[in-house]
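Please open the model in a viewer and display it as a cartoon. The tour below proceeds by selections, with a short account of what is to be found at each stop.

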Amino acid sequence: MIYVIFIGFALISWLIQSRLRSKFDEYSQVSIPNGMTGKDVAEKMLHDNGIYDVKVLSVEGRLTDHYNPADKTVNLSEDVYYSNSVAAAAVAAHECGHAVQHATAYSFLQMRSKLVPVVSFASNWVQWILLAGIFTLKTFPELLLFGILLFAMTTLFSFITLPVEINASSRAIAWLSRAGITNVNTHDKATDALRWAAYTYVVAALSSLATLVYYIMIYLGGSRRE
C-alpha cells in the first residue's frame, strides 16, 4: 500500500508540475495593462510597503525566482525580470511577498529560517543515514532512529513552508489588485498562476509526510522482530 501511495504522489506531483508550466506558458503571453516588467513590479511592491533596502536582481534559469533573506535580494529569473506578462507580475509580487514577510517579522518565515541550518545538514546526509540504518537495524537501531529524526525535521520544514508560501501569494494577489497592476481581465489569471504554484508545496509536504511514516514503519517493524 505504501508503494501505491508513493507512486500516487509522484504522479500527482508530475501532473501539477506539468499544469504549472502550462499555466505559466499561457499567462506569459498575456500582458498586464500598464506594461510594467517583473523588475518594475517588484520594485514598486517593495517601495509601496516601505522597503528600500532590498535589491531586485536577475538570475539565470527558469522558475528559479526566490527571495534571499540573508542578503536581502529578490532574485527573478530572466523570463520574469524582463517580461511584462501576467505570469511575471504574479511571480515578482509573490517573491516580494516574502520580503514583506521578512520586514514585518512574519512568524512562520522566522521559524523556517531557524530550521535552515538543520535542514541543510539533513538534506546532505539523511538518505545515507537512513540507508545505513536500515541495513544495521537489528544491530544498531539507534542509527535509523537518528535518520528518522533528521527526516522529520525536513518534513516539518515542508509543512512550515506551506503557510509561508500561501501568505506570500495572498499578499501578492491583494497588492496587485490594490496597486492597479492587474485589472478585471488579468487578476484571475495572476491568482490562478499562484494557486497552481502553491499546489506543488502541498504535494511536497504530503509526500514528505508519507515517506516519514514509511521509515517509522520500518523502524517499528524491526523493533517488534527483536
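Does Arg112 count as buried or exposed? In this predicted model, Arg112 counts as buried, because its relative accessibility is 17% and the limit for a buried residue is under 20%.

**The whole chain**

Before following Arg112 further, display the entire protein. Its secondary structure comprises seven helices and three strands, and from the N terminus the order of elements is α-α-β-β-β-α-α-α-α-α. Along the principal axes, the C-alpha atoms occupy a box of roughly 70 × 35 × 25 Å. Of the 226 residues, 46% count as buried. The exposed area is about 11,900 Å², and carbon and sulfur atoms supply 62% of it. Among contacts with a separation of 6 or more, 72% are between residues 24 or more positions apart.

**Helix H5 and the nonpolar patch**

Select residues 107–135, which form helix H5 and include Arg112. Show the side chain of Arg112 together with Phe157, Ile160, Thr161, Val164 and Glu165; Arg112 is in contact with these residues, its neighbours within four places in sequence being left aside.

Next, switch to a surface view and colour Phe121, Trp125, Trp128, Leu131, Phe135 and Phe146. Together these residues make a nonpolar surface patch of about 750 Å². Which helix gives the most to the nonpolar patch? H5 does, with five residues. One member of the patch is Trp125, which lies in helix H5 and is partly exposed, with a relative accessible area of 48%.

**Helix H4**

Move to residues 86–103, helix H4. Its 18 residues should span 26 Å at 1.5 Å a residue, and the end C-alpha atoms are 25 Å apart, which agrees with that expectation. Helix H4 is mostly covered, with 16 of its 18 residues buried. Just beyond, select Ala105: this residue follows H4 and has a positive phi, near 55°.

**Helix H2**

Select residues 38–48, helix H2, and highlight Gly38, Val41, Ala42, Met45 and Leu46, which are buried. Viewed down the axis of H2, the buried residues fall within an arc of 130°, so they line one face of the helix. They pack against S1, S3, helix H3 (78–81), H4 and helix H6 (141–178).

Also in H2, display Glu43 and Lys39. These two residues form a salt bridge, with the closest N and O atoms 3.1 Å apart. Being four residues apart in H2, Glu43 and Lys39 are separated by about one helical turn. Glu43 is partly exposed at 28% relative accessibility, and Lys39 is partly exposed at 24%. After H2 comes Gly50, whose phi is positive, near 70°.

**Salt bridges between separate parts**

How many salt bridges does a search of the whole structure find? The search finds seven. Two further examples deserve a selection of their own.

Select Asp53 and Lys72, whose closest N and O atoms are 2.7 Å apart in a salt bridge. Asp53 lies in the loop between H2 and strand S1 (55–59), and Lys72 lies in the loop between strand S2 (66–68) and strand S3 (73–77), so the pair ties together parts that are 19 residues apart in sequence. Asp53 is partly exposed, with a relative accessible area of 45%; Lys72 is likewise partly exposed, at 32%.

Then select Asp192 and Lys23. They form a salt bridge in which the closest N and O atoms are 2.8 Å apart. Asp192 belongs to helix H7 (residues 187–225) and Lys23 to helix H1 (residues 2–27), so this pair ties together parts that are 169 residues apart in sequence. Both Asp192 and Lys23 are buried. Add Arg195 to the selection: Lys23, Asp192 and Arg195 are linked in a network of salt bridges.

**A last stop in H7**

Finish with Thr191, found in helix H7. Thr191 is buried, with a relative accessible area of 16%. To gain a sense of scale, draw a distance from the C-alpha atom of Thr191 to that of Ile148. The two residues are 43 residues apart along the chain, and their C-alpha atoms are separated by 37 Å.

Note on methods:
Residues are numbered from 1 along each chain as its sequence is written. This is a predicted model: local features need pLDDT of at least 70, side-chain atom pairs count only at pLDDT 80 or more; totals for chains, interfaces and linings use all residues. Side-chain values use heavy atoms; hydrogens and water are left out. Helices (H or I, at least four residues) and strands (E, at least two) are DSSP runs, numbered from the N terminus. Buried means under 20% relative accessible area, exposed over 50%, partly exposed in between (1.4 Å probe, protein chains only). Contact means heavy atoms within 4.5 Å. Patches are made of residues with over 30% relative accessible area and no salt bridge: like charges are joined within 9 Å, nonpolar side chains (Val, Leu, Ile, Met, Phe, Trp, Tyr) within 5 Å. Accessible areas come from the Shrake-Rupley method with a 1.4 Å probe; for residues, only the protein chains shown count as cover. A salt bridge is a side-chain nitrogen of Lys or Arg within 4 Å of a carboxyl oxygen of Asp or Glu. The expected span of a helix is 1.5 Å times one less than its number of residues. The arc is that of the directions from the helix axis to the C-beta atoms.
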